[in-house]
Every structure is written in structure tokens, then in C-alpha cells.
Amino acid sequence: MKTDIAKFIEAASFAAKKHRDQRRKGNDAEPYINHPLEVASLLANVGGIADCDVLAAAVLHDTIEDTETTAEEIRGKFGERVCGMVLEVTDDKSLPKAERKQKQVEHAPHLSGGAKLVKLGDKISNVRDVLENPPDGWSPERCREYVEWGARVVAGLRGANAELEKRFDELAEKARRKFQ
Ligand code: NDP
Ligand code: ZN
């Protein structure tokens, strides 16, 4: 049987291959994998999460949404629990953008504990990016709108992890000052 850490490393390696041709939207166009790795790192190092299924779901969280990866692949390699969490944080891309964003706000309180942690890490990483390395062409107003939407999602995740919530609040506050 595989050790927990072996499963996490396999998930990180799998995600790196799936995202290999993608870049983040910021000016410095970082390799995409830096973001899922940051989410897993936030959970482990800020949130104190040691559950390797949750950390694997964190590093895999954008594979189904943003690459050709299927749920069956994730289920086969990493099991039902990891696959379930990844699916919980995967948007339905057939819906218009505004509807997808509204659904994230509405669904947040109903996510499983593990999926709430992944979602929190995702919002922290994205707000940090908007603050330090925003997507090309985003006006201060658009950056501010993004942060306020993120804060509405995080409002539905409260109670999941105090340290992660605190990190989000600090970044959101900094962003509000920068983009006011
Ligand atoms: P996008 O969804 O297009 O981009 C944000 C997403 O991109 C993040 O959630 C993140 O998702 C990913 N991402 C990749 N690189 C970065 C990075 N460097 N920094 C931050 N995020 C990054 O944008 P919006 O969320 O703004 O969605 C579009 C909405 O914006 C529409 O609903 C529209 O109404 C509105 N809009 C507003 C405008 C304005 O000026 N106010 C103008 C045009 C549209 P992941 O974690 O999945 O990678
Ligand atoms: Zn993400």
C-alpha cells in the first residue's frame, strides 16, 4: 500500500504534467502549477492540514476544470475521496461566467470540510495574485470586484480553518487599500 506522502507526490507530479503547457494570467506568466502547489502549501503550512487526501485534492483542484483530465482518471489514481473533493470545487464550464461565480457563493456553505479547505486556499492564492501579480489589463476596479467576490465565497466557508480565514482577511484588506 502507498504511503500518504507518496500519494501526494504522485498527485503533484500528475497535476504538473496536466498543466504543463499552461501559464497564470499575471504579468510574469508563472507556470500554472505554481498555483495548485501554493494552495497545497497554504493548507499544510498555514492551515496545519496533514490529511494527504485533502492536500492531494488541493494540488489537483484545477485539473478537471482547466485540462483534459476526467473524474475517472482522478478516481482511478487517487480514490473516491480525493475525486469527490476535486469535483466539489470544479465549476460547470457550460454555464455563463456570471452564473458560475454566483453558484460558487451559494455552494460554499454546503461543501464538505475538505472541499472548503481547498476552496479557501484557492481564494487566498488568487487574491494574493491579484494583489501582487494581477492578470494583464485588469483595472483597479476589476481587481477590487474580484476580491469582493472572493470575500463573498469565503463568507460561506467560515469555520473551516481559523488560520486560513485570517490569511484571507489580511490579504483582502491589503487589496482593498491598494485598489480603493
Ligand atoms: P476570470 O475568471 O477571467 O479570472 C480570474 C481567475 O483566473 C481566477 O479565479 C483564477 O482561477 C485564474 N487566474 C489565473 N491567473 C491569475 C492571476 N495572476 N491572478 C488572479 N487569477 C488568476 O475573471 P473574473 O473572475 O473577473 O471573471 C469574469 C467576470 O468579470 C465576469 O463575470 C464579468 O462580469 C466581470 N468583468 C469585469 C470587468 C470590470 O472591469 N469590472 C471587465 C470584464 C469582466 P483559477 O484558480 O481557476 O486558476
Ligand atoms: Zn485555482
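Here are some questions and answers about a predicted model.

Reader: Let's start in the middle. How many residues does the largest nonpolar core have, and which of them have the most contacts inside it?

Author: Quite a few helices chip in here: α1, α2, α3, α5, α7, α8 and α9 each supply at least two residues of the largest nonpolar core. The core has 55 residues, and those with the most contacts inside it are L43, L60, I74, V82 and L164.

Reader: Which residues is I74 in contact with, leaving aside its neighbours within four places in sequence?

Author: I74 is one of the core residues with the most contacts inside it. Skip the neighbours within four places in sequence, and its contacts are F14, L60, T63, I64, T69, G79, V82 and C83.

Reader: F14 popped up there. What kind of aromatic pair do F14 and F78 make?

Author: F14 sits in helix α1 and F78 in helix α5, 64 residues apart, so this pair links distant parts of the chain. Their ring centres are 5.5 Å apart and their planes stand at 75°. Planes over 60 degrees apart get a particular name, so the F14 and F78 pair is edge-to-face.

Reader: Are those two rings buried or exposed?

Author: The cut-off for buried is under 20% relative accessible area. F14 comes in at 10% and F78 at 2%. Both values fall under the cut-off, so F14 and F78 are buried.

Reader: What about W138 and Y146: what kind of pair do they make?

Author: The ring centres of W138 and Y146 lie 5.7 Å apart, with the planes at 50°. That angle is neither under 30 degrees nor over 60, so the W138 and Y146 pair is tilted.

Reader: Which residues do ring pairs link into a cluster, and which lysine lies over the face of W149?

Author: Ring pairs join W138, Y146 and W149 into a cluster. A lysine lies over the face of W149, at 3.6 Å from the ring centre, and that residue is K101.

Reader: Now for another lysine. Is K123 buried or exposed?

Author: K123 belongs to helix α7. Its relative accessibility is 2%, and the cut-off for buried is under 20%. So K123 counts as buried.

Reader: Which side chain does the side chain of K123 make a polar contact with?

Author: Leaving aside neighbours within four places in sequence, K123 is in contact with Q104, W149, G150, V153, V154 and F168. One of these gives a polar contact between side chains, at 3.1 Å, and the partner is Q104.

Definitions and conventions: Residues are numbered from 1 along each chain as its sequence is written. Chains are lettered from A and ligands numbered from 1 in the order in which they are written. This is a predicted model: local features need pLDDT of at least 70, side-chain atom pairs count only at pLDDT 80 or more; totals for chains, interfaces and linings use all residues. Side-chain values use heavy atoms; hydrogens and water are left out. A nonpolar core is a set of buried Ala, Val, Leu, Ile, Met, Phe, Trp, Tyr and Cys residues joined through side-chain atoms within 4.5 Å. Buried means under 20% relative accessible area, exposed over 50%, partly exposed in between (1.4 Å probe, protein chains only). Helices (H or I, at least four residues) and strands (E, at least two) are DSSP runs, numbered from the N terminus. Contact means heavy atoms within 4.5 Å. A polar contact is a pair of N or O atoms within 3.5 Å; within protein, one must be able to donate a hydrogen and the other to accept it, and residues adjacent in sequence count only if both atoms are side-chain atoms. Rings of Phe, Tyr and Trp (its six-membered ring) pair if their centres lie within 6.5 Å; planes under 30 degrees apart count as stacked, over 60 as edge-to-face and the rest as tilted. A charge sits over a ring if NZ of Lys or CZ of Arg is within 6 Å of the ring centre and within 35 degrees of the ring normal.
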